[in-house]
Amino acid sequence: MNFNTIDIKGIVAPFSAIGKVFEHPKTVCYPDQTKVVSEGYRGFHTNVLADCIGCANCQEICMNDAIDMVSIDEDRNDRNKSGCIPRIDYGRCCWCNLCVDVCPPDSLKLGIECIQADADSNNFLYYPKDK
Amino acid sequence: MDNKLIKIYHGPQHPGITGNMSVELDLLGETIKRARTHVGYLHRGFEKLIERRTVIQAFTIVCRLCVPEPDPNEENFARAVEGLVGLEISDRAKYIRVMVQEMSRIAAQMLWMGGQSGSIGMGTVGQWSLYDRDLILDLFEELTGGRVYHMYTYPGGVRRDLPDGFLGRLSELLDYFDKKLPKYDSIFFDNATFKQRAMGVGVICKDEALQNGYVGQALRGCGIKRDVRRDNPYLVYDKLEFEIPTYDGCDVYSRAMVRRAEIKESIKILRQVIEQMPAEGLIMQKIPKHRKFKLPKDDIYVASESARGEFGYYMAGDGSEKIRRMQVKGPSLIHGYTLLENLLVDEELSNVALIMNSLGICPPEIER
């Protein structure tokens with residue numbers, strides 16, 4: 001064996017990873033600790049019903065057909081002539097934010113909430129309400 | 001019995017495969033005698049889907065062409081639409097886009113490092129690099145609202161302005177990466193095990209690389225200096241100083257070292273972007289509304305340099321609000337078929353994942 005050709009540095013240097021043992025862990029213990037999401041995070045929708053005019057622009061632009069306009073009786077404002085508000089199907093939504101971009105009164109927004117767990121799949125049909 | 005070939009499928013469910021594809025291997029003992037790539041496990045028909053949508057609606061789907069780095073897709077799509085309708089974006093928007101491209105490049109190289117090291121059983125490197133990728137994704141989350149699919153680069157500019165203090169946080173992250181890169185050298189790039197496994201494996205013939213149209217590290221790992229950012233500059237790359245790293249080994253190790261050098265160059269570019277970015281400027285030009293955004297009867301080809309090589313979009317309009325035809329030219333098709341099938345012949349079975357990872361193959365992009 002020719003010892004001149006042995007890559008001593010290449011053999012020894014990887015052991016520097018042992019130093020990581022003494023560092024503080026980077027992971028968090030979910031669900032006791034949760035990561036704080038950023039202010040502009042694209043999470044579940046919120047809709048200010050006092051402003052929503054039921055124009056269905058959001059339904060029209062949604063390429064995934066994730067938005068239905070459903071009629072409501074209560075919480076309806078006077079400017080909402082159609083009497084409908086959007087209902088989002090989170091089985092189809094891709095959080096692209098286009099519905100928010102085209103909302104004329106800026107009532108529809110994406111909030112920072114992003115966790116939904118339920119045994120009933122119908123609960124993924126979501127009516128954004130005031131936040 | 002000695003000369004009997006055994007046929008095995010490497011993938012689609014295999015930790016050493018880069019996504020949902022498989023390689024059919026004819027083995028003589030441990031040696032591969034023939035390799036055939038099979039795709040079709042992930043067909044989503046992006047190109048056809050895009051033809052059924054308006055320009056604005058199609059924008060949200062292009063990022064899904066490649067999970068590790070969605071941003072070059074968004075950039076190409078936006079630039080193709082802007083080219084067709086004649087939109088000129090502001091300098092500030094251009095700098096922000098370059099910043100997004102380079103952040104995406106570093107994130108993609110970090111993900112690659114995890115895959116490449118995992119392919120030879122080095123789990124630690126992957127843990128480190130994926131954590132570091134997450135630090136970039138944190139910044140992306142802050143900037144775009146999404147971690148993986150950003151849907152941020154939009155025809156006409158970018159969708160949001162930078163949050164307060166964003167460039168400062170980016171600068172801190174770059175300092176962190178500067179300190180972290182030598183540690184990656186110690187545990188991965190200079191690691192004797194990696195060198196032993198990667199040197200002289202998956203050697204690409206230089207002439208073949210040019211003739212067959214290989215791109216990215218497959219080309220630069222053969223010593224051929226080719227990069228869209230330099231050869232055909234877009235955005236503000238012509239105002240930025242950076243090197244195109246090349247290595248002459250033509251093997252897996254050379255391609256890895258090219259990627260390592262590219263991380264360094266991306267950091268350099270990002271520092272210049274932070275310095276030079278104009279404080280004022282429209283981030284988004286005025287564009288027509290959803291149904292009124294019509295493409296002229298014309299076609300265009302745009303290309304950008306992704307972390308894996310040249311990524312091109314051909315787009316044709318027909319005067320309506322829908323895209324008449326869009327075709328994606330990514331590095332994965334040529335690398336996943338011609339190159340991978342050739343490189344695997346006479347290699348050991350244990351080198352399949354190693355070679356495949358070094359080529360930057362992304363199956364969703366083959367099956368677009």
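Is A:Asn97 buried or exposed, and how many C-beta neighbours does A:Asn97 have inside 10 Å? The tour returns to this residue after a look at chain A as a whole. Please note at the outset that the model is predicted.

**Chain A as a whole**

Select chain A and display it as a cartoon. Its secondary structure consists of 3 helices and 5 strands, and along the sequence these follow the pattern α-β-α-β-β-α-β-β. The radius of gyration of chain A is 25 Å, well over the 14 Å that the globule rule gives for 131 residues, so chain A is more spread out than a compact globule. Rotate the view along the principal axes: the C-alpha atoms fill a box of roughly 85 × 30 × 30 Å. Of the 131 residues in this chain, 22% count as buried. Among contacts in chain A with a separation of 6 or more, 73% come from residues 24 or more positions apart.

**Two backbone details in chain A**

Next, select A:Tyr30 and A:Pro31. A cis peptide bond joins the two, with omega at about 5°. A:Pro31 belongs to the loop between α1 (8–12) and β1 (45–47) of chain A.

Now move to A:Asn97, in the loop between β3 (84–89) and α3 (98–101) of chain A. A:Asn97 has 21 C-beta neighbours inside 10 Å and therefore counts as buried, the cut-off being 20 or more. Its phi is near 80°, a positive value in a residue other than glycine. For background, most residues other than glycine have a negative phi, and most peptide bonds are trans.

**Where chain B touches chain A**

Show both chains together. Here 20 residues of chain B are in contact with 22 residues of chain A. On the chain B side, α2 (55–62), α5 (123–144), α6 (166–189) and α7 (192–198) each supply at least two residues. Colour α5(B) separately, since this helix gives the most to the side of chain B that touches chain A, with 4 residues. Coloured by residue class, that side of chain B divides into 6 nonpolar, 8 polar and 6 charged residues.

**The sheet of chain B**

Hide chain A and select β1, β2 and β3 of chain B. These 3 strands form an open sheet in the order β1-β2-β3, with antiparallel pairing. β1 (6–10) and β3 (31–38) stand at the edges, each with a single partner strand, so one side of each is left without a neighbour in the sheet. Neighbouring strands are turned by 25° against each other on average, direction ignored.

Focus on β1(B) and β2(B) (residues 22–28), which pair in the antiparallel sense over 5 bridges. Within β2(B), B:Asp26 stands opposite B:Lys7. Then add helix α12 (residues 331–344) of chain B, which lies across β2 and β3 of that chain and runs at about 170° to β3(B).

**A helix and a loop in chain B**

Select α4(B), residues 91–118. At 1.5 Å a residue, its 28 residues should span 40 Å, and its end C-alpha atoms are 41 Å apart, which agrees. This helix is mostly covered, with 24 of its 28 residues buried.

The last stop is B:Leu235, in the loop between α10 (228–231) and α11 (252–276) of chain B. Phi of B:Leu235 is near 50°, a positive value in a residue other than glycine. B:Leu235 is buried, having 21 other C-beta atoms within 10 Å.

Definitions and conventions
Residues are numbered from 1 along each chain as its sequence is written. Chains are lettered from A and ligands numbered from 1 in the order in which they are written. This is a predicted model: local features need pLDDT of at least 70, side-chain atom pairs count only at pLDDT 80 or more; totals for chains, interfaces and linings use all residues. The radius of gyration is taken over C-alpha atoms; the globule rule is 2.2 Å times the number of residues to the power 0.38. A residue is buried if 20 or more other C-beta atoms lie within 10 Å of its own, exposed if 12 or fewer, and partly exposed in between; C-beta atoms are placed from the backbone. Two residues are in contact if their C-beta atoms, placed from the backbone, lie within 7 Å. The expected span of a helix is 1.5 Å times one less than its number of residues. Ala, Val, Leu, Ile, Met, Phe, Trp, Tyr, Cys and Pro count as nonpolar, Asp, Glu, Lys and Arg as charged, and the others, Gly among them, as polar. Two strands pair if DSSP finds at least two bridges between them. Axes are lines fitted to C-alpha atoms, for helices over the stretch in contact, and angles run from 0 to 180 degrees between N-to-C directions.
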